[in-house]
Amino acid sequence: MNTLLQNIQEVVGPNGLLTGSDVSQRSADWFGDARCEAAAIIRPASTQELSAVMKLCHAAGQPVVTHGGVTGVVQGALASADELVISLERMNQIESLDPVGGLMIVQAGVPLQTVQESAEVAGLHFPLDLGARGSCTIGGNIATNAGGVRVIRFGMMRQQVLGLEAVLADGTIISSMNQMLKNNAGYDLKQLFIGSEGTLGIVTRAVLRLQPQLPCEQTALVAVPDFDSMTRLLQQMGQQLAGSLSAFEVMWHNHYDLMGRQSGRHTPPIAPDYPFYAIIESLGVNDETDRELFNRALEQAFEDGLICDAVLAQSDKQREGIWAIREDIEGLIQELKPILAFDISLPIPAMQQYVENLEAQLMARWPESARVTVFGHLGDGNLHLMLSVGSSDEESRHEVERLVYEPLTALGGSISAEHGIGLEKRDYMHLCRTPEEIALMRTLKQAMDPLNLLNRHKILR
C-alpha cells in the first residue's frame, strides 16, 4: 500500500493525497454518524490524473470508493481500511456555459447550488433541486440519478444530462460529451453511468441541459381533509395550471405537526389540525398572469372541497418558511433519534393504505417507542418515511426494513425512489427487481469492472 500511495502522490501532487487524521476526521454519510475509515483519500485535479491513478490501482488490484459531497443516506460512500477514497472535490470548475444552446459543461465536483446560481446569472435555469443543494455535487447527482422536488415537471437527473465523461476501473477514459438533444448514433453510453452509484465508472465531467429562466414563483401551503381529496387535488392542479406545476409536496399530519409545532423549530402558517398538507408551487414568466391562474385553481379546489385552508406566500421569506417545514431533515433527525430513514416509491392510490398498515404494525411491535413521519413527492409516487422505534441496532433495523420493504413487491413498488441502493438496501433488491434483471446487472459489472475495484459490494454483493 505504501508504494502504491507514493506512486499516486507522484501523479496528484502533495495536495492530492490525504492520510491519517485528515481522513478519519471526515464523515462518510450525510447523517454524520459514520467516519471515513479509508487508508487514504486521493484528490485528483483532472480526468487525466484520475485516469493515471486508476491505472495504478488496477495494476495493484486496489479497490476504491468515490466521494462527491457525501450527502447520501444509503451507505454508498462507506470505505473500509483496505480501500482508498477517490474524492472529486478539486474538480470543481464550470468549464463553459452556452446560453444559445442552453447547456453547461461542468466538472463532477461542482456543487449543485453553484450550477443553479451560474445558470441564473446567465438568464437560464437548472431545474434539479433538493435540500442538500449547497453540498451535494453534480457527479454525485449523476451517480445516484438524483430526484428532488421538481421531478414532476422536469424529471430526474437523467433528463438533465446530455453527455458525460467517466473513468473506468482500468483507467480508460470514456468521453461521451454529447452536446446535442438528438443523437441516435448507437448506444447511449452515458446511461450506463447515471444511477450506477460509481460501480461501473467514475464520472468526471458532464454536459448539463439548461432550461429558460422561470423567475415567477407561486407557492401555497394547503390543508387537505383526506387522501382521496389529495390525489384529486394533484390531478386538478396539474390540469388547471397549464403545465406550470413544478412541485407538489405532501406532508402527513405526523410530519407537519412534529416540525411545525412539537419541535418549536418553525411557526406553522396553518394550524396543525388537518390530516394532510401540501406545498404547491408553479414556475412561470409572467407574475400577474401566473398569480391569477394559480389563485383561480386554488379557489376552484376550495369550491370542490379539496382544500380546508391555505396560505399563499407573499414574499421570498414566507416561501422559504413554508419550504423549511418540509426540508428540515436535520430537525427530523434531532427529534427522532435514533432515526431510520426510508425512500420508497409505489402507486399513488396504494399509498394511504400502505402507510396505515405500516403504522399499525410498528405500533403493535413497539407500542411505547414507535414514531412515524411521512412526507414526499406525491406526483412522483415517492414517499419518505422517517421512523424511530427507540433503537437502531441491527436486529431492530432489519425488522423495520422488512416491514417497510416486503409489502412493496405486491404493490409493484420500489425500495428506492431516488436515494439509490448502496450497502443499506442491497439485500432487498430482489423485492423490486427480477432475477433476470439482477443477473444482467452482474453481467454489466463483470464486463466493466472484472476485478471489482469500483465501489465494491455496493448495489450488488
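A salt bridge here is a side-chain nitrogen of Lys or Arg within 4 Å of a carboxyl oxygen of Asp or Glu. By that rule, a search of the whole structure finds 24 salt bridges. The model you have open is predicted. Keep that in mind at each stop.

**Stop 1: Arg456 and Glu83**

Select Arg456 and Glu83. Their side chains form a salt bridge, and the closest N and O atoms are 2.7 Å apart. Now colour the neighbouring elements. Arg456 sits in the segment after helix 15, while Glu83 sits in the loop between strand 3 (64-67) and strand 4 (84-87), so the pair ties together parts that are 373 residues apart in sequence. Switch on the surface and look for Glu83. Its relative accessibility is 4%, so Glu83 counts as buried.

**Stop 2: around Asp427**

Next, select Asp427 with Arg426. The two side chains meet in a salt bridge, at 3.6 Å from N to O. Add Arg461 to the selection. The side chains of Arg461 and Asp427 also meet in a salt bridge, at 3.2 Å from N to O. Arg461 belongs to the segment after helix 15 and Asp427 to the loop between helix 14 (394-411) and helix 15, so this pair links parts 34 residues apart in sequence.

Which of these residues are buried, and which are exposed? Arg426 is buried, with a relative accessible area of 15%. Asp427, at 41% relative accessibility, counts as partly exposed. Arg461 counts as exposed at 60%. Then select Arg26, Arg43 and Glu89: salt bridges with shared partners join these residues into one network.

**Stop 3: the second largest pocket**

Show pockets and pick the second largest. About 880 Å³ of space lies in it. To find its centre, select Gly195, Ser196, Arg433, Met441 and Ile459, the closest to the centre among the 39 residues of the lining.

Which helix gives the most to the lining of this pocket? Select helix 15: it gives the most, with seven residues. Helix 7 (190-193) and helix 15 (435-448) each supply at least two lining residues. Now colour the lining of the second largest pocket by class. You should see 15 nonpolar, 13 polar and eleven charged residues.

**Stop 4: helix 9**

Move to helix 9, residues 253-262. This helix is mostly covered, with seven of its ten residues buried. Select them by name: Asn254, His255, Tyr256, Asp257, Leu258, Met259 and Gly260. They follow one another along the chain. Then step past the end of the helix. Gly264, just after helix 9, takes a positive phi of about 75°.

**Stop 5: the cysteines**

Finish with the cysteine sulfurs. How many disulfides does a search of the whole structure find? The search finds zero. Select Cys36 and Cys57 to check one case. A disulfide needs two cysteine sulfur atoms within 2.5 Å. The cysteine sulfur closest to that of Cys36 is in Cys57, and at 14 Å it is too far for a bond. Cys36 has 5% relative accessibility, so Cys36 counts as buried. For a contrasting view, select Cys432. At 26% relative accessibility, Cys432 counts as partly exposed.

Key: Residues are numbered from 1 along each chain as its sequence is written. This is a predicted model: local features need pLDDT of at least 70, side-chain atom pairs count only at pLDDT 80 or more; totals for chains, interfaces and linings use all residues. Side-chain values use heavy atoms; hydrogens and water are left out. On a 1 Å grid over the protein atoms alone, a cavity is a set of points where a 1.4 Å probe fits but cannot get out, and a pocket is an open set with protein on both sides within 12 Å along at least five of seven lines; lining residues have an atom within 4 Å of a point. Grid points are joined across faces, edges and corners, and a volume is the space filled by probe spheres set on the points. Helices (H or I, at least four residues) and strands (E, at least two) are DSSP runs, numbered from the N terminus. Ala, Val, Leu, Ile, Met, Phe, Trp, Tyr, Cys and Pro count as nonpolar, Asp, Glu, Lys and Arg as charged, and the others, Gly among them, as polar. Buried means under 20% relative accessible area, exposed over 50%, partly exposed in between (1.4 Å probe, protein chains only).
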